[in-house]
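User: I am new to this structure and would like a close look at a single part of it. Please start with the setting, then stay with that part before moving outward.

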Amino acid sequence: MGVARRMSAAELARVAGSGRTAIILNANARRVTDRVRQQVETMAAEAERGADVFFTETLDEAADVTQHIARSGYDTIVTGGGDGTVANTIAAVLDGVESE
């Protein structure tokens, strides 16, 4: 499991190229601007194996999306948008693993 930190565009492209990748972003986060959304979508589309981008607006929506992603066989989950988004993603993945 990776650690929570900022990821450069090059790192995101490398991670997304290494397997099936899901990217979850809190659409309400101040730093998730239109420019950031466009850059992430472009990087995801250009990754060797592609990546699926999910924009969420509530913690409940993020938890539902994360549990779906965890059950869908993604190799990597990248999340961003703030401490709550990261913590919520980790909790949802762990809930999904424990319920299996």
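The part to look at is one strand, followed by some other places in the chain. Are the residues of strand S1 (residues 21–26) buried or exposed? Which strand does S1 run parallel to?

Analyst: First, the ground rules. This is a predicted model, in which local features need pLDDT of at least 70 and side-chain atom pairs count only at pLDDT 80 or more, while totals for chains, interfaces and linings use all residues. Residues are numbered from 1 along each chain as its sequence is written, and side-chain values use heavy atoms, with hydrogens and water left out.

Now the setting. The protein chain has 4 helices and 3 strands. Here helices (H or I, at least four residues) and strands (E, at least two) are DSSP runs, numbered from the N terminus. Along the sequence they follow the pattern α-β-α-β-α-β-α. Of the 100 residues, 34% count as buried. Buried means under 20% relative accessible area, exposed means over 50%, and partly exposed lies in between (1.4 Å probe, protein chains only).

Next, strand S1 itself. In S1, 6 of the 6 residues are buried, so the strand is largely enclosed by the rest of the structure. Both of its faces are covered. Thr21, Ile23 and Leu25 point one way, Ala22, Ile24 and Asn26 point the other way, and all are buried.

S1 has a partner. Strand S2 (residues 51–56) runs parallel to S1, and 6 bridges join the two. Two strands pair if DSSP finds at least two bridges between them.

Look at Asn26. This residue belongs to S1. Its relative accessible area is 17%, so Asn26 counts as buried. Opposite Asn26, in S2, stands Thr56. Phe55 is 29 residues from Asn26 along the chain, yet their C-alpha atoms are separated by 5.8 Å.

Now move outward to the helices. Helix H2 (residues 34–46) holds both Arg37 and Asp34, 3 residues apart, about one turn of the helix. Their side chains meet in a salt bridge (3.0 Å, N to O). A salt bridge is a side-chain nitrogen of Lys or Arg within 4 Å of a carboxyl oxygen of Asp or Glu. The structure holds 1 such bridge. Side chains of opposite charge can pair when their charged atoms come close. Asp34 is exposed, with a relative accessible area of 55%.

Helix H3 (residues 59–71) includes Glu61. At 33% relative accessible area, Glu61 is partly exposed. Glu61 joins Glu57, Asp60 and Asp64 in a negative surface patch. Such patches take residues with over 30% relative accessible area and no salt bridge, joining like charges within 9 Å and nonpolar side chains (Val, Leu, Ile, Met, Phe, Trp, Tyr) within 5 Å.

Thr66 also sits in H3. At 0% relative accessibility, Thr66 counts as buried. From Thr66 to Thr79 is 13 residues in sequence and 9.6 Å in space, C-alpha to C-alpha.

Last comes helix H4 (residues 83–98), where Ile90 is found. Ile90 is partly exposed, at 39% relative accessibility. The C-alpha atoms of Ile90 and Ile77 are separated by 9.6 Å, with the two residues 13 apart along the chain.

Terms used
Accessible areas come from the Shrake-Rupley method with a 1.4 Å probe; for residues, only the protein chains shown count as cover. Lys and Arg count as positive and Asp and Glu as negative; His and the chain ends are not counted. The place of a charge is taken as NZ of Lys, CZ of Arg, CG of Asp or CD of Glu.
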